[in-house]
Amino acid sequence: MSARLRDARMTAADDDGLVEVTIDATGRLVDLRLSERTRQVSTDVVARTIMQTIAVAGRQLGERAQQIIAETVGTDSPAGYEIAERVGRQLRMPDPSVGGEDDRPRWR
């Protein structure tokens with residue numbers, strides 16, 4: 001489980017095709033690709049889109065991490081649940097377009 005979680009990465013793109021981001025298992029941005037179309041929109045829109053796309057990638061990676069945990073140790077045990085919670089807090093960052101940290105999705 002540890003190796004699979006450590007090596008996990010997630011790539012996400014926004015619906016308009018402006019940006020593509022890749023984050024690693026710690027939620028750190030490891031790749032950022034901007035389309036030529038970003039030159040046609042304001043820098044505020046580009047910045048907001050980058051942040052929202054990073055949040056999407058984090059939520060997707062959090063879901064993938066939950067799958068990895070379920071496949072390896074299960075989430076029914078207290079240890080599995082605690083691991084899932086910790087990973088969830090780390091990866092499932094709030095969507096900056098929605099609100100604050102309280103809007104962050106939680107593990108089921």
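**View 1. Cover over the buried residues of helix H3.** In this predicted model, helix H1 (2-7), strand S2 (19-24) and H2 are among the elements that cover the buried residues of H3. Which residues of H3 are buried? They are Gly80, Ala84, Glu85, Val87, Gly88 and Leu91. Two glycines, Gly80 and Gly88, appear in that list. So does Glu85.

**View 2. Helix H3 from end to end.** H3 runs over residues 78-91 and holds 14 residues. From its first C-alpha to its last, H3 reaches 20 Å. That is close to the 20 Å expected at 1.5 Å a residue.

**View 3. Helix H2 and the glycine after it.** H2 covers residues 43-72, with 30 residues in the helix. Its first and last C-alpha atoms lie 43 Å apart. The span expected at 1.5 Å a residue is 44 Å, and H2 comes close to it. Gly74 follows H2. What is the sign of phi at Gly74? Its phi is positive, near 80 degrees.

**View 4. The order of helices and strands.** How many helices and strands does the protein have? The count is 3 helices and 3 strands. Along the sequence, they follow the pattern α-β-β-β-α-α. One helix comes before the strands, and two come after them.

**View 5. Inside and outside the whole protein.** The protein has 108 residues, and 37% of them count as buried. Its exposed surface is about 6700 Å². Carbon and sulfur atoms supply 47% of that area. Now take the contacts with a separation of 6 or more: 51% of them join residues 24 or more positions apart.

Notes: Residues are numbered from 1 along each chain as its sequence is written. This is a predicted model: local features need pLDDT of at least 70, side-chain atom pairs count only at pLDDT 80 or more; totals for chains, interfaces and linings use all residues. Side-chain values use heavy atoms; hydrogens and water are left out. Helices (H or I, at least four residues) and strands (E, at least two) are DSSP runs, numbered from the N terminus. Buried means under 20% relative accessible area, exposed over 50%, partly exposed in between (1.4 Å probe, protein chains only). Contact means heavy atoms within 4.5 Å. Accessible areas come from the Shrake-Rupley method with a 1.4 Å probe; for residues, only the protein chains shown count as cover. The expected span of a helix is 1.5 Å times one less than its number of residues.
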